[in-house]
Amino acid sequence: MGETIELTASDGHKLGGYRAEPVSEAKGGVVIVQEIFGVNGHIRHVCNSYAEAGYVAVAPALFDRVEPGLELEYDEAGTARGRQLRLEIAWDDAVKDIEAAMASLSGHGKVGVVGYCYGGSVAWLSATRLRPAASVCYYGGQILEFKDEPPNCPVQMHFGSTDPMILPEHVEAIKEAQADAQVEVFLYDAGHGFTCDERSGFHAESTALARSRTLAFLDRFMT
């Protein structure tokens, strides 16, 4: 369904990515933002699933700024490496790469951003520093750090109530900081990474509910 592509950021950096298109006319475009494991098989599958839902989906390879083409496993070594790589990439550079992916989708109508894990935090910064039509953030651990930035679009957030890295009080602090903004926040009886079926914390029921809410949200603001 998909293909490998090349994107160029505003600072001239060239990065790879994955693009999947629907079989019929697109509702719009969606940038899928990777976890700390890179644009791997799971993220390609996520792109395909959004294409099946009617969106042109592009996943930019954010780790290309440090190690091009890197795909990590869902194990202890992969987690450690992914966390280190995240720290080596400036947030503004990640946002530039999202901007490049958004630009590549400009011919398909409105463009939204959906991010997972590390990508959930990047999706939030995309909402506050860029101008997508909508942004969806899944369990972004660094959203708390940037909770006071005002978003430029409607935002939907999904967190797990048993996530050891994002505590319920963190979620409440985000909700309080964004009480006057168009930000929806949902909490599930699940842990971190609950939508990834390759991770030990996968929770099928929460995943299905979060996905239905995400697609309804995108359809509301992008179609």
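The expected span of a helix is 1.5 Å times one less than its number of residues. That rule serves the opening stop of this tour, which is made through a predicted model.

**Helix H4**

Select residues 118–129. This is helix H4, with 12 residues. From its first C-alpha to its last, H4 reaches 16 Å, close to the 16 Å expected at 1.5 Å a residue. Now display the surroundings of the helix. Because 11 of its 12 residues are buried, H4 is largely enclosed by the rest of the structure. The buried residues run through Tyr 118, Gly 119, Gly 120, Ser 121, Val 122, Ala 123, Trp 124, Leu 125, Ser 126, Ala 127 and Thr 128.

**Ser 126, within H4**

Narrow the selection to Ser 126, a residue of helix H4. Its relative accessible area is 0%, so it counts as buried. Which residues is Ser 126 in contact with, leaving aside its neighbours within four places in sequence? They are Ile 98, Val 113, Arg 131 and Pro 132.

**H3 against H4**

Add residues 91–104, helix H3, to the view. The axes of H3 and H4 lie 10 Å apart and meet at an angle of about 80°. An angle of 65 to 115 degrees counts as roughly perpendicular, and the two helices are therefore roughly perpendicular to each other. To see the contact, select Trp 91, Asp 92, Ala 94, Val 95 and Ile 98 on H3, together with Tyr 118, Ser 121, Val 122, Leu 125, Ser 126 and Arg 129 on H4. By class, the residues of this contact comprise 7 nonpolar, 2 polar and 2 charged.

**Gly 107, after H3**

Move next to the loop between H3 and strand E5 (111–116), where Gly 107 is found. Gly 107 is exposed, with a relative accessible area of 70%. Select Gly 28 as well: the two glycines are 79 residues apart in sequence, yet their C-alpha atoms are 8.7 Å apart in space.

**Two residues with positive phi**

Most residues other than glycine have a negative phi. The next two selections depart from that pattern.

Select Cys 117, in the loop between E5 and H4. Cys 117 is not a glycine, but its phi is positive, at about 60°. Is Cys 117 buried or exposed? With a relative accessible area of 8%, Cys 117 is buried.

Then select Tyr 139, located in the loop between strand E6 (134–138) and strand E7 (155–160). Tyr 139 also has a positive phi, near 35°. At 0% relative accessibility, Tyr 139 counts as buried.

**Salt bridges**

Side chains of opposite charge can pair when their charged atoms come close. How many salt bridges does a search of the whole structure find? The search finds 13. Three of the pairs are visited here.

Begin with Asp 11 and Arg 65, whose closest N and O atoms are 3.0 Å apart in a salt bridge. Asp 11 sits in the loop between strand E1 (2–8) and strand E2 (14–20), and Arg 65 in the loop between strand E4 (55–60) and helix H2 (76–88), so the pair ties together parts that are 54 residues apart in sequence. Both residues can be checked with a surface display: Asp 11 is partly exposed at 40% relative accessibility, and Arg 65 is partly exposed at 23%.

Continue to Arg 44 and Glu 71, whose side chains form a salt bridge at 3.0 Å, N to O. Arg 44 belongs to helix H1 (residues 41–52) and Glu 71 to the loop between E4 and H2, so this bridge ties together parts that are 27 residues apart in sequence. Arg 44 is partly exposed, with a relative accessible area of 26%, and Glu 71 is partly exposed at 41%.

Then select Glu 184 and Arg 220, a salt bridge in which the closest N and O atoms are 3.2 Å apart. This pair links distant parts of the chain, with Glu 184 in strand E8 (residues 183–188) and Arg 220 in helix H6 (residues 204–222), 36 residues apart. Glu 184 has a relative accessible area of 22% and is partly exposed; Arg 220, at 49%, is also partly exposed.

For the final stop, return to Asp 11 and Arg 65 and add Asp 97 to the selection. Salt bridges that share partners join Asp 11, Arg 65 and Asp 97 into one network.

Terms used: Residues are numbered from 1 along each chain as its sequence is written. Side-chain values use heavy atoms; hydrogens and water are left out. Helices (H or I, at least four residues) and strands (E, at least two) are DSSP runs, numbered from the N terminus. Buried means under 20% relative accessible area, exposed over 50%, partly exposed in between (1.4 Å probe, protein chains only). A salt bridge is a side-chain nitrogen of Lys or Arg within 4 Å of a carboxyl oxygen of Asp or Glu. Axes are lines fitted to C-alpha atoms, for helices over the stretch in contact, and angles run from 0 to 180 degrees between N-to-C directions. Angles under 35 degrees count as roughly parallel, over 145 as roughly antiparallel, 65 to 115 as roughly perpendicular and the rest as oblique. Contact means heavy atoms within 4.5 Å. Ala, Val, Leu, Ile, Met, Phe, Trp, Tyr, Cys and Pro count as nonpolar, Asp, Glu, Lys and Arg as charged, and the others, Gly among them, as polar.
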